[in-house]
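Subject: Structure handover

Hello,

Here is the structure I promised to pass on. Please open it alongside these notes.

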Amino acid sequence: MLLNRDDWYDTSRDLDWELSYVDPKLAFPDEWSGAGNIPADAWQKWDEPFRVSFRDYVRIQREKEMGVKAVSNALSRAGLYEKLDPAHVAASHLHMGTTCMVEHMAVTMQARFCRFAPSTRWRNLGVFGMLDETRHTQLDMRFSHDLLKQEPRFDWAQKAFHTNEWGVLAVKNFFDDAMLNADCIEAALASSLTVEHGFTNIQFVALAADAMAAGDINWSNLLSSIQTDEARHAQQGFPTLEVLMEHDPQRAQTALDVAFWRATRLFQTLTGPAMDYYTPLDQRKMSFKEFMLEWIVNHHERILNDYGLKKPWYWDQFLVSLENGHHAMHIGTWYWRPTLFWKPNAGVSKDERDWLREKYPTWENNWGALWDEIIKNVNDDRIENTLPDTLPSLCNLTQLPLGSAFSRHELAEHSLEYKGRLYQFDSEISKWCFEQDPERYAGHQNFIDRFIDGQIVPADLAGGLLYMGLTPDVMGDDVYEYAWAKDYLPAETATA
Ligand code: MN
Ligand code: MN
């Protein structure tokens, strides 16, 4: 008689034995496990609800793979990609060029769980997580490779692993912190709980819905398939938090507060512009802020509440940033468009502007005036005035421009000196994150530090573009070639 899974499952994953030839502290160093002073038997409580067996895992994943492949084969024959709106397509370039690399970093993180997590059950689940992330990396590679003949920008799915493009560096910096440079416990809180269980929903659920509405069924389907894995392996976060709350709640609070702010800033850069500016107006489901409030903010507040944690001390500032940060990042990336490997859509035609005003009551006052200046220059044939000839100062934590966390009216300086070096920050919050563990961040040079250090030659925008590997065939420019600005010409000129 075949046993039910519940009858054998616990035996199958309880694979620990008492080490006698080697000191457990050497086999599971604190630097890797992060267990520190938490007693070994505290991890007996670690459990997860998925209870998946290897056999089931392989069967289900095989079905998912066949589903994705069937859709992508059917669609590549239908020539769908050529019919997509170019502004929407930019969101998929941005996604592949920044996310494929992160999926691969996640393989390493999950591999660390498999080997060094302080609970045998966790190590078991990490195996599936590692296989998931391998699948995601391969899916992104295959998707991008299939489209390379249409668009050289998809090459960035692989190029991102090696480039010094500033946006990719910002993404890499965050995931170095949350995945590669994190012990198992930090990674479970920052990556599993905060990013995979929370923020990836904006990219993989909301953006998947927008992509579907835009007719990009292939990409939408890929995103949804990936998210089903994320939802499962993200479960490594909750039991870890539960153990930590009993033994070191302050550590949990700090780790989550740092991760939540850093993830906010990152998704303001990647997902905010894609949702509120690149997605064609009639295909938008929700604004970035609405989605954040419903899926991330409520959700995060609930976790904090359920586990007896406090809201981050910076909550009020976070809410102001939620209103502004991605608008700041959008106008900034559009202005510095030669430094991108995708073509941003300005997204401020009159209709789009009405939508922005409705969704963000402060938008006009904070951002409209800046766009008006750009529009005037475009319509007066002074495109050169809408292009940069310098680079912005960057934050030493987020790697994003100073002044991009709040509105254009909030430009207070935030800096500190550490071991004789001056560090700049985009906000009081980023400065606080740095202060929680200065050694973790202090050695890194942001793009501007490298400039000053003489690593980028010639030390001008052209040298910067060379250093970032931005060649003319992929360099960013306005995706509609400024056609949207004609909206603002006086009626007689517009028709002339
Ligand atoms: Mn993944
Ligand atoms: Mn993941």
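**The metal site**

Four residues coordinate the manganese ion (ligand 2): Glu133 (OE), Glu196 (OE), Glu230 (OE) and His233 (NE2), at 1.9 to 2.2 Å. Bear in mind that this is a predicted model. Along the chain, the donors of this manganese ion (ligand 2) follow the spacing E-x62-E-x33-E-x2-H.

There is a second ion to look at. The manganese ion (ligand 1) sits 3.4 Å from the manganese ion (ligand 2), and Glu133 coordinates both. Glu133 belongs to helix α6 (residues 120–147) and Glu230 to helix α10 (residues 217–233), so the pair ties together parts that are 97 residues apart in sequence.

Are Glu133 and Glu230 buried or exposed? Glu133 has 1% relative accessibility, so it counts as buried. Glu230 has 3%, so Glu230 counts as buried too. The cut-off for buried is under 20%.

**Asp132**

Next, Asp132. This residue is found in helix α6. Its relative accessibility is 0%, so Asp132 counts as buried.

Which residues does Asp132 touch, leaving aside its neighbours within four places in sequence? The contacts are Tyr57, Gln61, Asp229, Arg232 and His233. With His233 there is a polar contact of 2.8 Å between the side chains. His233 is also one of the donors to the manganese ion (ligand 2).

One distance for orientation. Asp132 and Glu18 are 114 residues apart in sequence. In space they are 30 Å apart, C-alpha to C-alpha.

**Pockets**

Start with the largest pocket. Its volume is about 750 Å³. It is lined by 23 residues, and the closest to its centre are Asp16, Phe28, Ala40, Pro118 and Arg123. Three elements, α2 (24–27), α3 (30–33) and α6, each supply at least two residues of this lining. By class, the lining of the largest pocket has 11 nonpolar, five polar and seven charged residues. Note that α6 appears here, and that Asp132 is found in α6 as well.

The second largest pocket has a volume of about 530 Å³. Its lining counts 27 residues, with Ala328, Ile331, Gly332, Tyr335 and Trp336 closest to the centre. At least two lining residues come from each of α14 (315–335), α16 (363–379) and α19. Which element gives the most to this lining? That is α14, with six residues. The lining of the second largest pocket divides into 17 nonpolar, eight polar and two charged residues.

**Cavities**

How many cavities of 30 Å³ or more does a search of the whole structure find? It finds four. The largest cavity holds about 200 Å³ of space. Its lining consists of 19 residues, and Thr99, Val102, Phe175, Thr200 and Phe204 lie nearest its centre. The elements that give two or more residues to this lining are α5 (86–116), α8 (166–180), α9 (184–213) and α12 (249–278). Its residues comprise 10 nonpolar, five polar and four charged.

**Backbone points to check**

Three places deserve a look.

- Val457 to Pro458: this peptide bond is cis, with omega near -10°. Pro458 lies in the loop between α19 (447–452) and α20 (461–468). Residues of α19 also help line the second largest pocket.
- Lys419: its phi is positive, about 45°, although the residue is not a glycine. Lys419 lies in the loop between β1 (414–418) and β2 (421–425). At 66% relative accessibility it counts as exposed, and the cut-off for exposed is over 50%.
- Tyr482: its phi is near 70°, again a positive value in a residue other than glycine. Tyr482 is found in the loop between α20 and α21 (491–495). Its relative accessibility is 14%, so Tyr482 counts as buried.

Which of Lys419 and Tyr482 is exposed, and which is buried? Lys419 is exposed, whereas Tyr482 is buried.

**Where to begin**

I would open the metal site before anything else. Put Glu133 in view, as it coordinates both manganese ions. Then turn to His233, which coordinates the manganese ion (ligand 2) and makes the polar contact with Asp132. The pockets and the backbone points can follow.

Best wishes

Key
Residues numbered from 1 in each chain as written. Chains lettered and ligands numbered in written order. Predicted model: local features only at pLDDT ≥ 70, side-chain atom pairs only at ≥ 80, totals over all residues. Heavy atoms only, no water. Helix = DSSP H or I, 4+ residues; strand = E, 2+ residues; numbered from the N terminus. Buried < 20%, exposed > 50% of the residue type's maximum accessible area, 1.4 Å probe, protein only. Donors = N, O, S within 2.8 Å, 3.2 Å for Na, K, Ca; no water. 1 Å grid on protein atoms, 1.4 Å probe; cavity = no way out; pocket = protein on both sides within 12 Å on 5 of 7 lines; lining within 4 Å. Points joined across faces, edges and corners; volume = space filled by probe spheres on them. Nonpolar A, V, L, I, M, F, W, Y, C, P; charged D, E, K, R; others polar. Contact = heavy atoms within 4.5 Å. Polar contact = N/O pair within 3.5 Å; in protein donor to acceptor, adjacent residues only side chain to side chain.
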